[in-house]
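Let's take a walk through a protein model together. Keep the sequence beside you and turn the structure as you read.

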Amino acid sequence: MNARVKKISLKVLKGLGIFIASVLLLLYLIPLLFPGQVAQQVKALANKSLAGELDFKESKLSFFTHFPSLTVSLDELSLMGSQPFAKDTLLRADQVAFGINLKRLIFDGEVKIDELYVSDAFINVMVDEKGQANYNVYIAPEDQPKDTLNEQGTAIKLDRIEFENCHVKYADRSAKVLVDAHGFNYIGRGGFSEAVFDLETDAEIDSVDFIYDNIAYLEKKRLRADLITRINTNSLSFILQKNELRINRLPVEFTGEFTILRDGYNINLDAKSEDNRLADLFSVLPPQYLTWMEDTRIKGRSDLNISFKGRYKAATNQQPNLGVSMKVRDGFIEYEDAPVPLSNLKLDLSAKLPALDVEQMEVYLKALDFNVGDKDSFHAFLQSKGMSKMQLKANVKGTLNLATLDQAIGLKDFDLKGNLKTDIEAEGIYDAEKRLFPKTKGGINLQNGWLKTKYYPNPITNIKFVVNADNAAGTFEGLKVAVTPASFVFEGNPVYVKAVLSDFDDTYYDLNAKGELNIGRIYKVFAQKGLDVEGYAKADVSLKGRESYATTGQYEKLNNKGNIILKNIKATSELFPKAFLIREGYFSFFQEKMFFDKFTAGYGKSDFAINGHLLNTINYFLESNGTLHGTFNMKSKLINVDEFMALEEGENTDRKADVETAKAQNPKQSGVVVLPTNLDVSLIANADKVEYTGLTLNKLIGKVGISKGKFLLENTTFNIIDCQVGIDAAYDDESPTSARFNAHLRAKDFDVKRAYNEIPLFREMVTAAEKAEGIISLDYKIAGDLDGNMSPIMESLEGGGTIFVRDVKVAGLKLFGGVSEKTGQDKLNNPNIKGIEVKTTIDNNLIQIDDFTFSVAGFRPKIQGTTSFGGILNIRMRLGLPPGGLIGIPIMIKGTHEAPEIKVFSKTYDKVEPAQYNEKTNTVIKKEQRVPK
């Protein structure tokens, strides 16, 4: 019996061994039998189905990369995005593997991909302002049924998707959303090959940031997800059935539906986290607060609900609706060994953002209440609708000992002291256009204040301010704000401010300020990353009057006097490539004027010494659209215009958002100089040197002005290539990457060769000057557009004028060489031209030459016609023969400057069609071209 069992066991083990060996043999042989076929078909599939550029180092076929699946692995893979992001990476991965359907491979010889594995990858999803995305790289098969090519995308046929240790970045400039996830691990299982299936998902993210409109709502949070999602692959619709999410310690449940469209998405999403511990809600705060939580006792319950519903379509600016509500009850916060806790914390807040439009935003803070110990309490209520036209109802009331509050909640970066009382009520409409302001009554009172931060060792002490606001009429005219008084002491120096503002329709102001500060030290108290300020300021100013007194010329009613002294003010910022430096500034006020008694400053290589005065200074700061007027004298050793380009490494203009967008869209452009629109300032400039895009202008003297966003030069002279040039000009920036200019230039007796070698614009406009030497003068008017690098767009130029040729020798110019060869007159080659005037006009990249005659070796050539900045020639010449030129030979010159075509005894000529230029978009629609007659 035992022998029989032993015999059977041996047979079973033998069979099992043969089976295992066969399987292992197949696992080894199959990749050897099909590698070329699989790699070839995968590449063919990629080239046929992808619009983006795909590249990888090597491919291999194996059962063991993702056992037991047969996978073709592409190592060091990169995939570029679709237009307009064809040069940006969509996917870069150490390895991307595709699971192969083994049955279809063996029996049909067909490569059917049904699994996807991505490991150690960077997935970079980008969407521009127009809603164009870089992930539209899939090209649908031509034979795909039309009903699957509707606006709701293309089907997906996979059974498993797996991402391991990936970095996923989603930047959508149209929706102002940025999601940045590190350590992204994802496994998706389901019937991907079915039209409708349930997807089971396990996902973990080590660190995720969620930023909307430059505000971080999640920062470095750990995320865990267990999801079941019903997916319709034909319509790319996702129905969220079981979706449990955990952000750090906060559990969140999602329900709803999400559908991806070709031009956006439809969303119907509800997220809730109800009746959870308040400490769990605090765990989603930014990382710097998590260490604070370790030393803090937190109690209470919280509810959080989010809804996001509607359609997003960038082309029509259609946006979904966002709603958020949060409640906290029985809240309790006690930091370390605080003498008393913050208790009875109650929060009931809801907000709606229809169509993601802040102008329709609704905020309802039903209650924010808390106590600090037995004596101090705080209450706030707010209800608002709209933004620039806002309906508002609010009240804030509280009595707080700031030192006790600081200890209770454990403010780590600040130490506060002082007794704060507030009691403010407001109700009504804010509408600046209709001059409405909510009815308001109340104020804030702080006594014995004290502030110290971790950034600077010494505190600001003796802080006192009493601010009262009153508005019984509900209008700008009825509003009155009084600061009586405000003061503090810093580093032994007292600062005192007293102000009363009323009747904001025609603002009445009565302000006194006195004190001195070390700007660098006071700044360090409130240190901000990316910005640094140094220097010293002292003020003793008394300002009293109304806005209208200055604007209507009633200067005798003003009582403005005092002075401000600045020394060694230096400001550096991440927004600017260079540091601003005010070496010294002495300012004084008298009535409507602010005098610059002495002002010296620098920016980068540039330096300025200025004296003069400003008008409307007070109104400029009080009015949102106030304009600052001024007249100055300015001296400088060097002004480097290039340092002020809008898209250089930093900027700070009043159109910052436009500049940031333009910089992102035009990374290879420096940008034009963007001018403020609320200045009307002129100065008499005297600059030893001005550097601008490779040019050096010496001894610039003239009137320079900025008015309503335009730059003007009047009766200005400068020296360039040892020639005195006079210019009247205007410059107007149209956007951060385009500008318009016009100029009237007058230059007498300058060297043609030096102008060609040293002035890029002259080189582009007068290409024939390459072969010329001698002296000419010009009187010319020119206007046109500048591109994003401050270079002229040649097709946009228009104007005209006269060139005076005093004495110029032309050597090696193919045009004259060709005429000499065709006519057999060697004396016409390399002519010397003297004492002529050449009048030309410029339009749409063509230069029209009026007829002019000159003498050379007894011959009298007469020339007229058309040439272009692109080099096209269409010139008619009459070669007057000696003596006197009464008899002439007609000559036609076509072709280009480099290859002229010369026909003797010919009067036929071609027509040259001008370029077509769109002034609104600053783009060339059509180049100039020759059209034979």
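The report below goes from the overall make-up to the core, two hairpins, a cavity and a few unusual backbone spots.

**The overall picture**

What you see is a predicted model. The protein contains 13 helices and 48 strands. Of its 933 residues, 42% are buried. If you look at contacts with a separation of 6 or more, 51% of them are made by residues 24 or more positions apart. On the outside, the protein exposes about 49500 Å², and carbon and sulfur atoms supply 54% of that area.

**Into the core**

Which residues touch the most other members of the largest nonpolar core? They are Leu91, Val118, Phe750 and Ile893, in a core of 164 residues. A second core, of 12 residues, lies apart from that one, and Ile267, Leu269, Phe308 and Leu356 are among its members.

Try zooming in on Phe750. Leaving out residues up to four places away in sequence, Phe750 touches Ile721, Cys723, Ala755, Phe762, Gly774, Ile775, Ile776, Ser777 and Leu778.

Leu240 is another good place to stop; you can find this residue in strand β10, residues 237-247. Is Leu240 buried or exposed? Its relative accessibility is 19%, so Leu240 counts as buried, the cut-off being under 20%. Beyond its neighbours within four places in sequence, Leu240 is in contact with Ile228, Thr229, Phe254, Thr255, Gly256 and Leu269. Leu240 and Asp270 are 30 residues apart in sequence, and their C-alpha atoms are 9.8 Å apart in space.

**Two hairpins in a row**

Now follow the chain through β33, β34 and β35. Strand β33 (residues 695-707) pairs with strand β34 (residues 710-720) in the antiparallel sense, over seven bridges. Here Ile706 stands opposite Phe711 in β34. The two strands form a hairpin with two residues between them, and Lys708 in the turn has a positive phi of about 55 degrees.

β34 also pairs with strand β35 (residues 723-735), again antiparallel, this time over nine bridges. Thr716 has Ile727 in β35 as its bridge partner. This hairpin too has two residues between its strands, and Ile721 takes a positive phi near 45 degrees. Ile721 may sound familiar: it is one of the residues that Phe750 touches.

**A look at the cavities**

How many cavities of 30 Å³ or more does the structure hold? There are three. The largest cavity has a volume of about 70 Å³. Its lining is made of 13 residues, and those nearest its centre are Asn560, Gln591, Glu592, Thr617 and Ile618. Helix α9 (residues 617-622) gives the largest share of this lining, three residues.

**Unusual backbone spots**

Most residues other than glycine have a negative phi, and most peptide bonds are trans. The table lists some places that depart from this habit.

| Site | Backbone feature | Location |
|---|---|---|
| Thr484 and Pro485 | cis peptide bond, omega about -15 degrees | Pro485 in strand β22 (residues 480-490) |
| Pro882 and Pro883 | cis peptide bond, omega about 0 degrees | Pro883 in the loop between β42 (873-880) and β43 (888-895) |
| Lys220 | positive phi of about 55 degrees | strand β9 (residues 215-232) |
| Asp330 | positive phi of about 55 degrees | strand β14 (residues 321-335) |

Finally, consider how open Asp330 is. With a relative accessible area of 63%, Asp330 is exposed, because exposed means over 50%.

How values were computed:
Residues numbered from 1 in each chain as written. Predicted model: local features only at pLDDT ≥ 70, side-chain atom pairs only at ≥ 80, totals over all residues. Heavy atoms only, no water. Core = buried A, V, L, I, M, F, W, Y, C linked by side-chain atoms within 4.5 Å. Buried < 20%, exposed > 50% of the residue type's maximum accessible area, 1.4 Å probe, protein only. Contact = heavy atoms within 4.5 Å. Helix = DSSP H or I, 4+ residues; strand = E, 2+ residues; numbered from the N terminus. Areas by Shrake-Rupley, 256 points an atom, 1.4 Å probe, with all protein chains shown as cover. Pairing = 2+ DSSP bridges. 1 Å grid on protein atoms, 1.4 Å probe; cavity = no way out; pocket = protein on both sides within 12 Å on 5 of 7 lines; lining within 4 Å. Points joined across faces, edges and corners; volume = space filled by probe spheres on them.
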